[in-house]
Amino acid sequence: MSDIIPPPNSPSDQLLDAGLYIVATPIGNLGDITLRAVDVLRRCDAVACEDTRVTGKLLKYLGLSKRLIRYNDHADSRQRGQIVDLARGSAVALVSDAGTPLINDPGYRLVKDMRVEGIPVTTAPGVSAVIAGLTLAGLPNDRFLFAGFVPSKDKARREALSELAQIDATLVFYETGPRLGKTLAVIEALLPDREVAVARELTKLHEEVQRGLPSGLMAWFDAHPPKGEIVLLIAPPGEAEISDDQIDELLRDALVTNKTSQAAAEVARATGRDRKALYARAMELRSQ
Ligand code: SAM
C-alpha cells in the first residue's frame, strides 16, 4: 500500500500490492476521474463493482479491460468472502456506479470484513455528490450533517426531517426528482423560514443550483419539474423566531397523522419549543 502515483508521463507497470483499493469515479463529467484512480484501475487485478455494464463502459473509456466482479452489500457472506480471499493475494479495486463507494453505495460490509481479516485497505478518493453540492450551495459549511436519502414514505420523511431540524449544522440529503415536491412541502410545513438549496445534475451539462425559502422553491419546481439527480440542503437554524400562528399550523398538520402527545413531541423537536406547552395547545386545537 505504499505505492505513490508516478508522474503522469511515466506510467509504472509494476503490480500493486495486494489489498482492497476504494476508487472514486465521476458523478457525471468523466474528466473528474483522478490520475490516481486511473492508475489503480490500470494496475489492479480485478474490479468489484455494482453494475458490470456501468463499470465496463468507464473502463472502455479509459482503454482498460479487467476482470469484473459484481458486488453489493446484500451479497451473501460467502460471495463477500470470495472477494476478501482474492484481496489477500491480489489488488482488488472497489468502485460504485458513480462517486465515492460506501457513500450511500455498497462497500461498508466489505471494508469491515477486510479490516477484521487484517487485509490492507486504502482509498483513491475523489468526487462525491454530497461534497460537490455543499461547495456549490452557498450555505454555511463549517458544520454539516449528511443524512443520505430522504425517506420515501410520508410519515418517515416527516419524522426524519423534524428529528434533524434542530441540529446546528447545514443538513445535506440525496433526493430524487419525483419526490422533491413532497419533501419541499414537509420542509415548508416544518421549517418555513429556513433557506434551502437544490443542487441538480452536478458536473453535467444541465448543472443547476436553486436557492430560496421552501415556498419559493415549491413554486419554482411546480413550474419546472426537476429532472436528474439531486442534492438537497437545508440551512442551519437561524435567529428567526417562529410565530404562534406558525406553531398552530405545524400542530394541526402533525395532528392529522399523530396522537396529541406525538404531535407535540414532533413540533417540539422541530421548533425547540416547550413540549408541555405544545401538548396543552394541541389539546385545545383538537377540541376546536
Ligand atoms: N456514492 C455516490 C456519491 O459519492 O455521491 C452517491 C450514490 S447515491 C446511490 C446516488 C445519489 O447521489 C443520487 O440519487 C443523487 O441524490 C446523488 N447524486 C449523484 N450524482 C449526482 C449529481 N451529478 N448531481 C446531483 N446529485 C447527484
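Author: Relative accessible area sorts residues into three groups: buried means under 20%, exposed means over 50%, and partly exposed is in between. The model we are looking at is predicted.

Reader: Thanks! Is F146 buried, exposed or partly exposed?

Author: Happy to take that one. F146 has a relative accessible area of 27%. Buried would need under 20% and exposed over 50%, so F146 counts as partly exposed.

Reader: How many aromatic pairs does a search of the whole structure find?

Author: Two rings form a pair if their centres lie within 6.5 Å. With that cut-off, searching the whole structure gives an aromatic pair count of 2.

Reader: What is the geometry of the pair formed by F146 and Y174?

Author: The ring centres of F146 and Y174 are 4.9 Å apart, and their planes make 65 degrees. Planes over 60 degrees apart fall in the edge-to-face class. The pair of F146 and Y174 is therefore edge-to-face.

Reader: Which strands hold F146 and Y174?

Author: These two rings are 28 residues apart in sequence, so their pair ties together separate parts. F146 comes from residues 144-149 and Y174 from residues 170-176. In strand names, F146 sits in β6 and Y174 in β7.

Reader: Is Y174 buried or exposed?

Author: Y174 has a relative accessibility of 9%. The limit for the lowest group is under 20%, so Y174 counts as buried.

Reader: Which residue does F149 form an aromatic pair with?

Author: F149 is in an edge-to-face pair, 5.7 Å centre to centre with 65 degrees between the planes. This pair links distant parts of the chain, 25 residues apart, with F149 in strand β6 and its partner in strand β7. F149 counts as partly exposed, at 44% relative accessibility. Its partner is Y174.

Reader: Which residues make up the cluster linked by ring pairs?

Author: One pair joins F146 to Y174, and another joins F149 to Y174. Ring pairs therefore link up a cluster of F146, F149 and Y174.

Reader: Let's move to the sheet around that cluster. What is the strand order of the sheet with mixed pairing?

Author: This open sheet has 5 strands. Its edge strands, pairing on one side only, are β6 and β9 (208-212). From one strand to the next, the twist averages 20 degrees. The order reads β6-β7-β10-β8-β9.

Reader: Which residue in β10 stands opposite Y174?

Author: β7 and β10 (residues 229-234) pair over 6 bridges in the antiparallel sense. In β10, the residue opposite Y174 is V231.

Reader: What is the strand order of the sheet with parallel pairing?

Author: This is an open sheet of 5 strands. β3 and β5 (121-124) form its edges, each pairing on one side only. Ignoring direction, neighbouring strands are turned by 25 degrees against each other on average. The order is β3-β2-β4-β1-β5.

Reader: Which residues of strand β2 point the other way from A46 and A48?

Author: Strand β2 covers residues 46-49, and all four of these residues are buried. A46 and A48 point one way. Pointing the other way are V47 and C49.

Reader: What is the bridge partner of C49 in β3?

Author: β2 and β3 (residues 67-70) run parallel and are joined by 4 bridges. Along these strands, V47 stands opposite L68. The partner of C49 is R70.

Reader: What is the bridge partner of A48 in β4?

Author: β2 is also joined to β4 (residues 91-94) by 3 bridges, and these strands run parallel. In β4, A48 is partnered by L94.

Reader: Which helix makes a β-α-β unit with β2 and β3?

Author: The unit is right-handed. Its helix lies across β2 and β3 and runs at about 150 degrees to β3. That helix, residues 52-61, is α2.

Reader: How far apart do the C-alpha centres of domain 1 and domain 3 lie?

Author: The domain assignment gives domain 1 (19-127), domain 2 (130-234) and domain 3 (244-287). Between the C-alpha centres of domain 1 and domain 3, the distance is 48 Å.

Reader: One last question: which residues does D248 touch, not counting residues up to four places away in sequence?

Author: D248 lies in helix α9 (residues 244-257). At 12% relative accessibility, D248 counts as buried. Leaving out residues up to four places away in sequence, D248 touches R281 and L285.

Note on methods. Residues numbered from 1 in each chain as written. Predicted model: local features only at pLDDT ≥ 70, side-chain atom pairs only at ≥ 80, totals over all residues. Heavy atoms only, no water. Phe/Tyr/Trp six-rings, centres within 6.5 Å; stacked < 30°, edge-to-face > 60°. Buried < 20%, exposed > 50% of the residue type's maximum accessible area, 1.4 Å probe, protein only. Domains from an automatic or database assignment. Pairing = 2+ DSSP bridges. Right-handed = clockwise from strand over helix to strand, strands pointing away. Contact = heavy atoms within 4.5 Å. Axes fitted to C-alpha atoms, helices over the stretch in contact; angles between N-to-C directions.
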